[in-house]
Amino acid sequence: MRDDFTLETKIQLAKRVSYHCSFPGCGSLTVGPSDESEKSTSNVGTACHISAASEGKGARRYDANLSPEKRKRISNGIWMCDKHGKLIDTDETRFSTELLKTWKELGENVASLMVQKGYDYQTALKLFEGKKLANNDVRIEQTGTENEKIGNLITDSCISIVWGKNISDAIRDYLIEHFRNSFGHGNATSFEITINENKITILDNGSEFNPQRLIDNEEKTGG
C-alpha cells in the first residue's frame, strides 16, 4: 500500500512555491494553459515524497518510523518539475531527507518574495546571498568521479546561490585540484567534503606533500 498525497495536498504543495520547481536554480514554471479547451491546463510538475510513500525496490528515503498519516502530510512533500522529480528518486545518498527539506524551505521563501515584492524567480533567488548553505557531504574513493561528485555537491548545497557564482566556481576548481593532488601526490584513498551552513571542511587520508616542490620540479607540473 502506498501512502499517497491527497489531491488537495498536491495542490497546496504546488501553490506554496507558486507552481515553480523547488530544485535550486531551476525554478521552472510547471503549469500553464492547454489548447484542449478554454478551461484546460497543462501541468509538468509533480508532488514528490521526501520520505517514500511505500517501502520496497526503488523506494527512496523510506522512513519506517513515520506513520502512514505523516507520510501523506504536506510536510513530507516537495514540488518539482517532472525532470527533477524523477532525478531525486534515483539517488537517496545524494538527495537526502535533510537536503530536500532545505530545498523545500528555499523554494517557499523564494515564492514568498515573488508574491510580496513582485520579483521574478532569479531576482528573488539572488536575495538569498549570504544566507546559510544546505548541509551536505560526499566521500570520494576513486579518481575519475571527482568532477561529477564535486560539481553535484556544489549545486546541491546552493553555494552558487548563497556565495555567488564566482566564488562557487573557484571553490569547485580548488576542491577538484585538492582531490587530484591528494590522490596523485599524497597517495590518498579517501577524500571527504562536508558542508555545514557557512563552512566547508576537507579531509583526506593521504600523506603530506609540498606543493612548492612540485611547482619547482624539472617537469614544472603538479601542485
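I will take you through one protein chain, from its overall build to a helix, a hairpin and two cysteines.

Please keep in mind throughout that what we are looking at is a predicted model. The protein chain has nine helices and seven strands, and along its principal axes the C-alpha trace spans about 75 × 40 × 30 Å. Of its 223 residues, 38% count as buried, while the chain exposes about 13,200 Å², of which carbon and sulfur atoms supply 46%. If we take the contacts in the protein chain with a separation of 6 or more, residues 24 or more positions apart account for 62% of them. As for charge, there are 29 positive and 33 negative side chains, and the centres of these two sets lie 5 Å apart.

Let me turn now to helix α6, which covers residues 146-156 and in which E146, I150, L153, I154 and D156 are buried. It may help to recall that an α-helix has 3.6 residues a turn, so residues three or four places apart point the same way. Which elements do the buried residues of α6 pack against? They pack against two strands and three helices by name, namely β5 (136-140) and β6, together with α4 (97-117), α7 (159-162) and α8 (165-184). Just after α6 comes C158, which takes a positive phi of about 65°.

Strand β6 leads us to the hairpin. β6, at residues 191-196, pairs with β7, at residues 199-204, in the antiparallel sense and over six bridges. Within this pairing, I193 of β6 has I202 of β7 standing opposite. Two residues lie between the strands of the hairpin, and E197, in the turn, has a positive phi of about 60°.

Finally, the cysteines, since someone at the bench will surely ask about them. How many disulfides does a search of the whole structure find? The search finds zero. For C21, which is in no disulfide, the nearest cysteine sulfur is that of C81, at 3.6 Å, and a disulfide would call for two sulfur atoms within 2.5 Å. C21 is also buried, with a relative accessible area of 2%. C48 is likewise in no disulfide, and the cysteine sulfur nearest to it, that of C21, is 8.3 Å away. With a relative accessibility of 5%, C48 counts as buried, because the cut-off for that word is under 20%.

How values were computed. Residues numbered from 1 in each chain as written. Predicted model: local features only at pLDDT ≥ 70, side-chain atom pairs only at ≥ 80, totals over all residues. Heavy atoms only, no water. Pairing = 2+ DSSP bridges. Helix = DSSP H or I, 4+ residues; strand = E, 2+ residues; numbered from the N terminus. Buried < 20%, exposed > 50% of the residue type's maximum accessible area, 1.4 Å probe, protein only. Contact = heavy atoms within 4.5 Å. Areas by Shrake-Rupley, 256 points an atom, 1.4 Å probe, with all protein chains shown as cover. Lys, Arg positive; Asp, Glu negative; His and termini not counted. Charge placed at Lys NZ, Arg CZ, Asp CG, Glu CD.
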